[in-house]
Amino acid sequence: MSSSVPRLVVAAPSSGSGKTTVATGLMAAFAARGLAVSPHKVGPDYIDPGYHALATGRVGRNLDAYLCGPELVGPLFLHGARGCDLAVVEGVMGLYDGAAGEGELASTAHVAKLLRAPVVLVVDASSQSRSVAALVHGFVSWDPQVRVGGVILNKVASDRHEVMLREALEQTGVPVLGVLRRAPQVDTPSRHLGLVPVAERRAEAVEAVAAMAAQVSEGCDLDALAGLARSAGALSCAAWDATEAVSSPAHHPARSSERPRVAVAGGEAFTFSYAENTELLAAAGADVVPFDPLRDEELPEGTRGLVIGGGFPEVYAAELSANEPLRKAVAHLAESGAPVAAECAGLLYLCRELDGQPMCGVLDAGARMTGRLTLGYRDAVAVGDSVLAAAGRRMRGHEFHRTVVEPGAGAEPAWGLKAPQRRVEGFVQRGVHASYLHTHWAAEPGVARRFVERCRTS
């Protein structure tokens, strides 16, 4: 199968250059032209896709060659881009920055090559003039397989500054496809783990995305950018499909027509999740029902399993604690042996307390905020059998938090990690699997299948 969805990868020499502003603005500007725009983000980040979804009206999806493997980048892209006229892929960090110690793996450049997509380089020009040509030349020539099709100059100070930059870049042969002035109204507030999620500031986020779209529409050549997107090479792979992914020779969904209800936490406190994880649960036979731990005092009626993903429970510790009826309902479900999968924020919610505020008390552990950021990809192996994985199952994950849980592992840990130092972490008890590790289930669809089967039999 071959597909040629028009697509662009928005990259930069380094973080802080304006990738999110340009990518989100492009998505919204193209959508305003009546195009169905597919939004994507390189890497494990959960927050930027929320802004992408606001800009396009479609689910923001991640493309992570480390978590899912290079072979799934194309299929997952095509899955997200089904029925779309154009796709915009926001990069991560600098263009050539990948997983630590892994060369180009999971870098924006790596994903661009896997997608056969042209790159638009966003350059912060605020403190340079003629030197911009050397910078762009270096990024264009570093890897001949990465096609930089144009430059967007960001934070340009004046008309005179723009003229100097354009004159310098003429020598590189790389076209200038946009020039953006400084615009405070497009700024989005940050916190200890990056931008504040859309769910926490929806009205302000809508205004910010509208400002990004206006700035990009005014400062960029959208026709030229659309033409560049159409120059992307065809992909010789099929779109990823959740139903096909959960099927296996040993899996016979027809044996049981029961669709166990799986409650999935959402709302402002739990905004971190990969759309494919929920799609896999549904494809494996679950009746997936969202709920909000900040507002709902009961789990959805008939809940047989519970998934609590990542987010910012530390910001909402008092409100989560005040919802005592739901905390008791979660504890009761866990005590019954029902499957419970908790990642990062979910782990904190299951602890006895978080920063002194009572939580669900499912785990005999306490959690607190610290000043230290724990961040990075992890290679993990399941220490024992759980509702997610059989002992010995290997998975790749990502840690991203400024909290600490003490103790860091239970009598039965969830994972054994290789790096940055060998250790065990997380908790497995009864039907509970709780860990700091964020995982993308498209890499191991058997996780969703196993979880739903346990929901049927628990």
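Arg7 of strand 1 has Ala87 as its bridge partner in strand 4. The model is predicted. Strand 1 covers residues 7-11 and pairs with strand 4 in the parallel sense. Strand 1 also runs parallel to strand 5. A second topic here is the second largest pocket, with a volume of about 500 Å³.

**Strand 1 and its partners**

- Strand 4 spans residues 86-90, and 4 bridges link strand 4 to strand 1.
- One residue pair in this parallel arrangement is Arg7 with Ala87.
- Strand 5 spans residues 119-124 and is joined to strand 1 by 3 bridges.
- Here Val9 of strand 1 has Val119 of strand 5 as its bridge partner.

**Burial of strand 1**

- Strand 1 is mostly covered, with 5 of its 5 residues buried.
- Both faces are covered.
- Arg7, Val9 and Ala11 are buried on one side.
- Leu8 and Val10 are buried on the other side.
- Arg7 and Val9, the bridge partners of Ala87 and Val119, thus belong to one side of strand 1.

**The second largest pocket**

- The lining of this pocket consists of 22 residues.
- Tyr46, Pro49, Gly50, Ala53 and Thr271 lie nearest the centre of the pocket.
- Helix 2, residues 47-56, gives the most to the lining, with 5 residues.
- By class, the lining holds 12 nonpolar, 8 polar and 2 charged residues.

Methods:
Residues are numbered from 1 along each chain as its sequence is written. This is a predicted model: local features need pLDDT of at least 70, side-chain atom pairs count only at pLDDT 80 or more; totals for chains, interfaces and linings use all residues. Side-chain values use heavy atoms; hydrogens and water are left out. On a 1 Å grid over the protein atoms alone, a cavity is a set of points where a 1.4 Å probe fits but cannot get out, and a pocket is an open set with protein on both sides within 12 Å along at least five of seven lines; lining residues have an atom within 4 Å of a point. Grid points are joined across faces, edges and corners, and a volume is the space filled by probe spheres set on the points. Helices (H or I, at least four residues) and strands (E, at least two) are DSSP runs, numbered from the N terminus. Ala, Val, Leu, Ile, Met, Phe, Trp, Tyr, Cys and Pro count as nonpolar, Asp, Glu, Lys and Arg as charged, and the others, Gly among them, as polar. Buried means under 20% relative accessible area, exposed over 50%, partly exposed in between (1.4 Å probe, protein chains only). Two strands pair if DSSP finds at least two bridges between them.
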